[in-house]
Amino acid sequence: MTALGGVGHTLPFLVHDFRIAMGAAVVVVVVELAVISWIRHRYMETPIWSAALQVGLGGALVFLTGVLIGSA
């Protein structure tokens, strides 16, 4: 699943138009976060809203870290 996620993040950037590539990559990330939330809800018995909040917050922290590293 890690390889599939990595491919999902990078393949859109083979498109020449940056806006389309970024939009596709954002859609991939949102779908991944939704699937992770569902897995936490289904198999770890986490309430769905709690799982979504935890996964969303984690995704936001990863994004913020990437922005900070990229601007350093």
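The largest pocket is lined by 23 residues, and H9, V28, V29, E32 and L33 are the ones nearest its centre. A pocket here is an open set of points on a 1 Å grid over the protein atoms alone, where a 1.4 Å probe fits and protein lies on both sides within 12 Å along at least five of seven lines; lining residues have an atom within 4 Å of a point. Three elements each give two or more residues to this lining: α1 (2-10), α2 (18-44) and α3 (48-70). Helix α2 gives the most, with 11 residues.

This is a predicted model, where local features need pLDDT of at least 70, side-chain atom pairs count only at pLDDT 80 or more, and totals for chains, interfaces and linings use all residues. Residues are numbered from 1 along each chain as its sequence is written, and side-chain values use heavy atoms, with hydrogens and water left out.

Back to the pocket: about 660 Å³ of space lies inside. That volume is the space filled by probe spheres set on the grid points, which are joined across faces, edges and corners. Sorted by class, the lining has 16 nonpolar, 6 polar and 1 charged residues. Ala, Val, Leu, Ile, Met, Phe, Trp, Tyr, Cys and Pro count as nonpolar, Asp, Glu, Lys and Arg as charged, and the others, Gly among them, as polar.

Now for the whole chain. It has 3 helices and 0 strands, running α-α-α from the N terminus on. Both kinds of element are DSSP runs numbered from the N terminus: H or I with at least four residues for helices, E with at least two for strands. The C-alpha atoms fill a box of roughly 40 × 25 × 20 Å along the principal axes. Of the 72 residues, 12% are buried.

How far should α2 span at 1.5 Å a residue? Its 27 residues should cover 39 Å, and the end C-alpha atoms are 38 Å apart, so the two agree. The expected span is 1.5 Å times one less than the number of residues. At the start of α2, a side-chain oxygen of D17 comes to within 3.3 Å of the backbone nitrogen of R19. A21, A25 and S37 are buried in α2, and their cover includes α1 and α3.

Here are three residues to look up in the structure. Buried means under 20% relative accessible area, exposed over 50%, and partly exposed in between (1.4 Å probe, protein chains only).

| Residue | Place | Relative accessible area | Class |
|---|---|---|---|
| W38 | helix α2 | 45% | partly exposed |
| E45 | loop between α2 and α3 | 72% | exposed |
| T46 | loop between α2 and α3 | 12% | buried |

What does W38 touch, leaving aside its neighbours within four places in sequence? W38 is in contact (heavy atoms within 4.5 Å) with Y43 and I48. F63 sits 25 residues from W38 along the chain, and their C-alpha atoms are separated by 21 Å.

E45 follows α2. Its phi is positive, about 55 degrees, although E45 is not a glycine. As for T46, once neighbours within four places in sequence are set aside, it is in contact with R40, H41, A51 and Q54.

Note on methods: A polar contact is a pair of N or O atoms within 3.5 Å; within protein, one must be able to donate a hydrogen and the other to accept it, and residues adjacent in sequence count only if both atoms are side-chain atoms.
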